[in-house]
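Dear colleague,

I am handing over the structure that you will be working with, and below it I have written out what was found. Please keep the structure open beside the text as you read.

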Number of protein chains: 2
Amino acid sequence: VQRVLVTGAAGFIGRPALPALHERGFEVHAVARSAPPEDADTGAEHWHCADLLDPDAAETLIDATRPSHLLHLAWCTAHGQFWSDPANLDWTGATLHLLRAFEAGGGARAVVAGSCTQYDWSGDAIGPSGRVVERTTPRGAQHLYGRSKESTIELLDTWAADAGMSFASGLVFFPFGPHEKVERLVPSVTRRLLAGEPAETTAGRQVRDFAHVQDTAGALAALLASEATGPVNIASGHGSSVSDVASTIARILGREDLLRIGALPMREGEAASVVGDVNRMQKEVGFMPTFDLESGLANTVEWWRSRS
Amino acid sequence: VQRVLVTGAAGFIGRPALPALHERGFEVHAVARSAPPEDADTGAEHWHCADLLDPDAAETLIDATRPSHLLHLAWCTAHGQFWSDPANLDWTGATLHLLRAFEAGGGARAVVAGSCTQYDWSGDAIGPSGRVVERTTPRGAQHLYGRSKESTIELLDTWAADAGMSFASGLVFFPFGPHEKVERLVPSVTRRLLAGEPAETTAGRQVRDFAHVQDTAGALAALLASEATGPVNIASGHGSSVSDVASTIARILGREDLLRIGALPMREGEAASVVGDVNRMQKEVGFMPTFDLESGLANTVEWWRSRS
């Protein structure tokens, strides 16, 4: 039996990753700092509580579970803070330590969640099309978060090749969906409109690659089950402007009247367009998304409505 | 009083770093896995035994010493093995952890030893002059060792700027001198000739920047005492071919008859010339070397003779 250890299992991507891995036939061992979420049929056969920033805890966990596969999603994610959180250094060390312990415990294949912010968003590194290709677009994160992810994954790539372990990274673009942090774009607009309050956004001309988190998690599960190595974009392959997203939510809710696009100032220096090339994801991993923007937002709006 | 914690204090560069820091007025706290070397007037007021790969040990050490300054030299260095040693990942994590603990304990300024192998030695990244400049020559280590050093230092640079801590890295070129590992070029040629045995080398046409380790250590001590931040080459600024080094040793010992230059095959893909630009070291740090190649090798040969 293929036994997978999933870190960050209570997180935004971790939650839908558990059933996606279960459906692929893995025996799923979930790990998080806390007990499993109450509302969830998690899809995990086993739930482990551990703080992976404690090196001994990581070793104890590997010894206890002896996983053949590892999907490492845990990292610091505090909204607004994670970009330059010094905890990024701790997660770099903890990730290197966990992967070493996994390999020493007989682990065969690991996938670590990376980020599209590992690419160089400044200047003209990404062309006007916004298309970002794994082994072509230059790397060059602007913040400690992206730099830490990039360094960690680059070191693991080099080490895994030497150690003969199968390793890939999934560079995650812009997921939205159930359980997203309420401060972020989709939940904040949705919840304002559901409450009958005006929702203010920037002009929102920047184009990004948004994906329903169930597809993000499904693609990561497919990547783990595949034999692809190195970086793989986990994206929809389609660009939508931030204002498109806000307008679509407003239309679904029939509350275009409450939307104030352009009320907030744009941030300086944001890349005009960032869209993942999904050739590797589709052809080498064989994953095709279930949702498009419209159906993904409809599902998400419905979930927030059920909670309001 | 300025109190410095020096890691790797029993190592090749650590040993001469202790008196160099003492002479600059630091209260010197040395740390190594083992007790101080028996033969040494170490220059350290205090010696601490600790394994920095144990995170708790690092924190205990910082709590006990509360250093204002840190010179971090410890890393994996097993001859022939360190290039792709998985322990490079452990030292990456341990270094990030140590620097975080140092800053949290009130530390003001840290210097971490890097390596000239962090630069990109492949293709034409280094021009025909071989001159390597800190913020101009592209980075791109070929092995896990240089990549780990580069990643660690790059993350610390970004973090330190956010945290308001003064941070620099000393990119060490090619030190030789007392206590060097016997398998390396200078000790191996010297000891063969001292024993009256033939010494075989490659054709040795590759040019490198060799420096007496006392100058390497002195420059790192000066860097720590300075306010320079970012990467600083710790080098002589002069290139010598490997065959020049071997011939100079043979001449000093009067045993040119035993030297077999060209008896061993050249390694493929070695950069023709790698010489550190020392503008930052001389002008911003204010350090001038004591030895040239001739006097440095004469000192080293004498030291090995005294031990044979």
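**The sheet of chain A**

A good place to begin is a single pair of residues: Val4(A) has Val28(A), in strand 2 of chain A, as its bridge partner. Please bear in mind throughout that this is a predicted model. The two valines belong to a longer run of pairing, since strand 1 (residues 3–7) and strand 2 (residues 27–32) of chain A are joined in the parallel sense over five bridges.

If you then look at helix 3 (residues 87–104) of chain A, you will find that it packs on the sheet and touches strand 1, strand 4 (69–72), strand 5 (109–115) and strand 7 (166–172) of chain A, and that its direction makes about 170 degrees with that of strand 4 of chain A. Helix 4 (residues 144–163) of chain A also packs on the sheet, where it touches strand 5, strand 7 and strand 12 of chain A, and its direction makes about 155 degrees with that of strand 5 of chain A.

How many strands form this open sheet of chain A, and in what order do they come? There are seven, in the order 3-2-1-4-5-7-12, and their pairing is parallel. Strand 3 (46–49) and strand 12 (230–234) of chain A each have a single partner strand, so one side of each is left without a neighbour in the sheet. From one strand of chain A to the next, the twist averages 20 degrees.

**The sheet of chain B**

Chain B has an open sheet of seven strands with the order 3-2-1-4-5-7-12 and parallel pairing. Its edge strands are strand 3 (46–49) and strand 12 (230–234) of chain B, each of which pairs on one side only, and the twist from one strand to the next averages 20 degrees.

Within this sheet, strand 4 (residues 69–72) and strand 5 (residues 109–115) of chain B pair in the parallel sense over four bridges, and His69(B) has Arg109(B), in strand 5 of chain B, as its bridge partner. Helix 1 (residues 14–23) of chain B packs on the sheet, touching strand 1 (3–7), strand 2 (27–32), strand 3 and strand 4 of chain B, with its direction at about 165 degrees to that of strand 2 of chain B. Helix 3 of chain B packs on the sheet as well, touching strand 1, strand 4, strand 5 and strand 7 (166–172) of chain B, with its direction at about 170 degrees to that of strand 4 of chain B.

**Where the chains meet**

In the contact between the two chains, 20 residues of chain B meet 20 residues of chain A. The area buried between them is about 1900 Å², and carbon and sulfur atoms give 65% of it. Leu89(B), Arg100(B) and Leu155(B) supply 31% of the area that chain B buries against chain A, which is more than any other three residues supply.

Between chain B and chain A there are four salt bridges, and in a salt bridge across the interface the side chains of Arg147(A) and Glu154(B) meet at 3.0 Å, N to O. Seven residue pairs are in polar contact across the interface.

Which element gives the most to the side of chain B that touches chain A? Helix 4 of chain B does, with ten residues. By class, that side of chain B has nine nonpolar, six polar and five charged residues.

With best wishes

Notes:
Residues numbered from 1 in each chain as written. Chains lettered and ligands numbered in written order. Predicted model: local features only at pLDDT ≥ 70, side-chain atom pairs only at ≥ 80, totals over all residues. Heavy atoms only, no water. Contact = heavy atoms within 4.5 Å. Buried area = accessible area lost by both parts, 1.4 Å probe. Polar contact = N/O pair within 3.5 Å; in protein donor to acceptor, adjacent residues only side chain to side chain. Nonpolar A, V, L, I, M, F, W, Y, C, P; charged D, E, K, R; others polar. Pairing = 2+ DSSP bridges. Axes fitted to C-alpha atoms, helices over the stretch in contact; angles between N-to-C directions.
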